[in-house]
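Q: Hey, can you walk me through this one? I'd like to start with how the contacts are spread along the sequence.

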Amino acid sequence: MLELKNLCKSYGRHIALSNLSLTIPDGALYGLVGPNGAGKTTAIKLISGIMLPDRGEILFDNVNLVKEERSAKETVGYVPDVLGIYDDMTVFEYMVFFASTYGLTGYIARKKIEILLEQVGMTDKKDFYLNELSRGMQQKLCVARALIHDPALIIMDEPASGLDPRARYELKELLQELNSGGKTVLLSSHILSEVSEICTDIGIIEGGKIIISGSVEEILDKVEGANPIKIKVLNNENSALEILKNNKKVRILSVDNGYFMVYFDGRKLDEAKLLEDLVRNNVLVSEFIREPGSLESFFIKVTNHSNESVIFSNEY
Amino acid sequence: MNINPIYEREHRVSTRSLRLSTAILVFNFIVAGFTLIEMNGVVDYARKTSSIDYTSFLQIFKIVVFVPVVLLIFVGPSFISGAISDERHRGTLEILLTTKMTAKSIVVGKFLSLMASIMIILVSQLPISAILFLYGGITVGDIVKLTLNFIVFVVLLISMGIFCSSISRKTSIATALLYLAVLILFVGTLVLYFLAANSFNMNDKNFFSIVFIKVSKFILLFNPLVSMDFLLSKIMGEDSSDVLVSLFWYNNWFYINMFLDLSLSVIFLALSVVKIKPHGKTWRKYGNSNL
């Protein structure tokens, strides 16, 4: 399990991370999402050991990666957004070089490289110079390079940027394959839909702080909960209003174009009970719809980048 | 034996690139050209006068020693200054720092690979220097001392280059910084000395002039070219001890210079290690603008 505890990092007067705390479970495919300048890359560089935090701890399976540099290097495989390519080397030479930076040489290194190149589907490209590869291929090679020492944690900064749809799909497949092999993967992106497709867990970062973190299902539940239930009744409107007002799960209620707009905190079962209450009280309900949740709109709301200043504003 | 991965990579890449072979060709062409022109002059003189002036061969020796130095001063910085900044620009420095390589091993690898490349160039011109042995006048001891002096000069140049590269975000800035540093060390120290000597000659009782000349002499001790000139002067029988310093300093100049320059090189390399080591604000400033 990766735990970030009260991480602080500033560049001069600019505070990049402010008491950032986060827990990523073992085997998670975690997406760190946030707008540009939110602190994603800083967080990733701190976890990778490229920078040191001003304050705070980074623990992986209870080992402090800030203090245990050697453990950090063994634990982490890092793929930066600038891929880090030597144009003057072939794919195989590139892998041999990085294998040697981990002390892997000779037959063991060659065997390992062959396995990794096969895993990323690049066996036939091993004699290609790196500048002859597409961005997608380079990205896959970098993932293979990051796996050369069999790290438990793979960190990728904006892995999908600059990739065409096919390359994105292949990357997604590769990451999910790694994840199913037991690796914990942490990736950053500013595109929420991309992360929600790939990841099992999501954290939204803004202003150097984690605003929300959890599994994709939990986040989606919150997104759904943030949208109102639209109810259209054909009779007994006053009775319906009373039922809705008396329901403890109803947070906000408004009327719009003949629809009751109900901001409801409950889950699916609670929604069903509400509908049952209405029907039992002889209210004819013609429509009972939860507005579909959009991660993008939720992301914009929580990161305060829309005109709506508060997610759940009191409308009456 | 584990070979430094950076050294191995750089060596592999440089040996198959055109850059090194072109450098060897141009270097040897220029050194051989100067030597042949000078030798032609000696032979021409012998034809006309029916006598051979052996000191002329020593002049050729001076050329053979100084031409590579001058060439290195002019061409070397462009070879050296990208050592760290190119890695940073490519994004590979960050990756290397996440591997088991330490900042120290990265700097050492870069140093060794540059040293090897430059030494290959210099060794390739040894046959030209060897011509001079045919005519005598130069002992093995002289050659050893000059070679050591030359190696120290190369070590210092590379160390300064790696340091400039480690503090610069762009290779162009690193190159400019290195040229400036070279200018200060090789020319600036001499200019300072001549200014001090001039001031001292005008008024040798003035306290400021005395301090100035002493300080400038000490600074001059860092200049490997002065040390090289002293060695050559000794070989050629030109006693310049009275020109610059007392006999003690003159006799030990070579050793003191070697000690000071090697110490300076170690300091530059250590500072480079500190500079690229993962830490706080400096990395952001020079390394990456992304948050």
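A: Sure. In chain B, residues 24 or more positions apart account for 80% of the contacts with a separation of 6 or more. Keep in mind that this is a predicted model.

Q: Okay, and how many helices and strands does chain B have?

A: Chain B has 14 helices and zero strands. Read along the sequence, the pattern of chain B is just α repeated: α-α-α-α-α-α-α-α-α-α-α-α-α-α.

Q: What share of the residues in chain B is buried?

A: Buried residues make up 48% of the 291 residues in chain B. The accessible surface of chain B comes to about 14200 Å², and 70% of that belongs to carbon and sulfur atoms.

Q: Which residues of chain B form a nonpolar patch on the surface?

A: The patch is formed by B:Ile173, B:Leu177, B:Leu180, B:Leu183, B:Ile184, B:Val187, B:Val191 and B:Leu195. Together they have about 690 Å² of accessible area.

Q: Where is B:Ile173?

A: B:Ile173 sits in helix H9 of chain B, residues 171–202. B:Ile173 has a relative accessible area of 43%, so it counts as partly exposed.

Q: What does UniProt annotate in chain B?

A: An unreviewed UniProt entry gives the annotation "transmembrane region" for residues 20–37, 57–80, 111–134, 146–164, 176–195 and 253–274 of chain B. In the model, residues 20–37 of chain B are 100% helix, with their end C-alpha atoms 26 Å apart. Residues 253–274 of chain B are also 100% helix, and there the end C-alpha atoms lie 31 Å apart.

Q: Back to H9 for a second. Which residues does B:Phe200 touch?

A: B:Phe200, which is in helix H9 of chain B, touches B:Ser209, B:Ile210 and B:Ile213, not counting residues up to four places away in sequence. B:Phe200 is partly exposed, because its relative accessible area is 27%.

Q: And how far apart are B:Phe200 and B:Gly237?

A: They are 37 residues apart in sequence and 27 Å apart in space, C-alpha to C-alpha. For another pair, take B:Ala130 and B:Phe61: they are 69 residues apart in sequence and 9.6 Å apart in space, C-alpha to C-alpha. B:Ala130 is found in helix H7 of chain B, residues 126–130.

Q: New topic: chain A. How is it divided?

A: Chain A is divided into domain 1 (2–214) and domain 2 (226–303). The C-alpha centres of those domains of chain A lie 43 Å apart.

Q: How many salt bridges does the structure hold?

A: The structure holds 19 salt bridges over all chains. One of them joins the side chains of A:Glu69 and A:Lys73, at 3.9 Å, N to O.

Q: Are A:Glu69 and A:Lys73 buried or exposed?

A: A:Lys73 is buried, with a relative accessible area of 9%, while A:Glu69 is partly exposed at 47% relative accessibility. Both lie in helix H2 of chain A, four residues apart, about one turn of the helix.

Q: What about A:Glu276 and A:Arg280, where do they meet?

A: Their side chains meet in a salt bridge, at 3.0 Å, N to O. They are four residues apart in helix H10 (residues 268–280) of chain A, so about one helical turn separates them. A:Arg280 is exposed at 63% relative accessibility, and A:Glu276 is partly exposed at 38%.

Q: Last one: which residues are linked in a network of salt bridges?

A: That network links A:Asp88, B:Arg9, B:Glu10, B:Glu87, B:Arg90 and B:Lys110.

Key: Residues numbered from 1 in each chain as written. Chains lettered and ligands numbered in written order. Heavy atoms only, no water. Patch = residues over 30% accessible without salt bridge, like charges linked within 9 Å, V, L, I, M, F, W, Y side chains within 5 Å. Areas by Shrake-Rupley, 256 points an atom, 1.4 Å probe, with all protein chains shown as cover. Salt bridge = Lys/Arg side-chain N within 4 Å of Asp/Glu carboxyl O. Helix = DSSP H or I, 4+ residues; strand = E, 2+ residues; numbered from the N terminus. Buried < 20%, exposed > 50% of the residue type's maximum accessible area, 1.4 Å probe, protein only. Domains from an automatic or database assignment. Contact = heavy atoms within 4.5 Å. UniProt positions renumbered as here; feature names shortened; annotations may be inferred.
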